[in-house]
Amino acid sequence: MCASLSYRDSSFIKLSANQMNSNPKTFNEQLQSTWASQGSMLCVGFDPDPKRLPPSLQGKSEGIFEFCREIADATADLVCAFKPQFAYFASQGAESQLEKLVKHLKNKYPHIPVILDSKRGDIGSTAEHYALEAFDRYGADAVTVNPYMGFDSVEPYLKHAGKGVIVLCRTSNPGGSDLQFLNIAPSGEPLYLHVARLAAEKWNSSGQLSLVVGATFPDEIAKVRAIVGEMPLLIPGIGAQGGDIDATVKAGSIAHRPGTGMMINSSRAILYASSGADFADAARAVAISTRDALRAAVKITD
Ligand SMILES: O=C(O)c1cc(=O)[nH]c(=O)n1[C@@H]1O[C@H](COP(=O)(O)O)[C@@H](O)[C@H]1O
């Protein structure tokens, strides 16, 4: 973006409308497109904690929506995807604000895929309804899913052609090791690698799957990448969780396609860059520096 053009200018919005004409259909196609057109692997996450909203929005009837909309408008040219976190809305009874946010994103930035992070996992008949919730009610392009109840709990999401299904593999939290690092019979490999292998070799005939691997575990990202080929990876854990950007990008890169293959998420470090009235500008500044650090890491790796 040229220096004189602000993200608040109408010509900036027209740029997005033009990109709309070449809006590809599936989640994976959208990602391939934003990796290229935005030159970014940054995913901005919306985790709107009511206690951390700027004073002007606290207690306001649509304060959560307004906060997220401002951040989205300030960062839309910097991201490959957006990721609203369901619990932050549901805990406040703010589902209608989540619906409104996704509508805003899809109307104004139809080229940017929206991931609903709800980490659902249940028996097939119930999973069918979680899939309807994500794709029909909220209009998300992709959803995070917990695979630890097995394939019949993942399959209902795959029936929604073209939608992305992002399966937890090696999560970013320390406690993920309690189960995901356990070596399992007969191969003796850790459970998370078994999940990666199932995803790559058995579950992905429709090409809709991605995997979650935490930036806090770069060695594990590399092991997963070696198994899954070019499958997209959602990588949370930079920013507030302290994951190393250079190590993450090195580990998750696809050798012959630099700058693709990863949605590297940051939520709190961007959302709460300032607690004052300048929160959107401050979020933009951190998003720019994060995107640029990711770009620089791609150059080192290339
Ligand atoms: O699926 C996720 O998005 C996710 C998986 C994981 O392993 N770790 C993880 O932090 N997340 C989510 O990614 C976001 C990380 O937020 P920050 O730590 O604030 O950047 C939160 O919404 C988490 O729920």
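**Close-up views of the predicted model**

**View 1. Residues around the ligand in this predicted model.** The ligand is surrounded by 19 residues, and the closest are Thr171, Ser172, Pro236, Ser267 and Arg268. By class, twelve residues of this shell are polar, four are charged and three are nonpolar. Two of the elements that contribute to the shell are strand 3 and strand 8 (262–266), each of which supplies at least two of its residues.

**View 2. Lys119, listed by UniProt under "active site".** The UniProt entry that carries this annotation is unreviewed. Lys119 belongs to strand 3, which covers residues 115–120. Strand 3 also supplies at least two residues of the shell around the ligand. Lys119 counts as partly exposed because 17 other C-beta atoms lie within 10 Å, whereas a buried residue would need 20 or more and an exposed one 12 or fewer.

**View 3. Contacts of Lys119.** Leaving aside residues up to four places away in sequence, Lys119 touches Thr144, Val145, Asn146 and Leu168.

**View 4. The largest nonpolar core.** This core holds 85 residues, of which Val167 and Leu211 touch the most other members. Helix 3, spanning residues 63–75, gives the most to the core, with seven residues. In soluble globular proteins, nonpolar side chains tend to be buried together.

**View 5. Contacts of Leu211.** Leu211 touches Val167, and these two residues are the ones that touch the most other members of the largest nonpolar core. The other contacts of Leu211 are Cys169, Ala196, Ala199, Val224, Val228, Met231 and Leu233, again not counting residues up to four places away in sequence.

Note on methods: Residues numbered from 1 in each chain as written. Predicted model: local features only at pLDDT ≥ 70, side-chain atom pairs only at ≥ 80, totals over all residues. UniProt positions renumbered as here; feature names shortened; annotations may be inferred. Helix = DSSP H or I, 4+ residues; strand = E, 2+ residues; numbered from the N terminus. Contact = placed C-beta atoms within 7 Å. Core = buried A, V, L, I, M, F, W, Y, C linked by C-beta atoms within 7 Å. Near = placed C-beta within 6 Å. Nonpolar A, V, L, I, M, F, W, Y, C, P; charged D, E, K, R; others polar.
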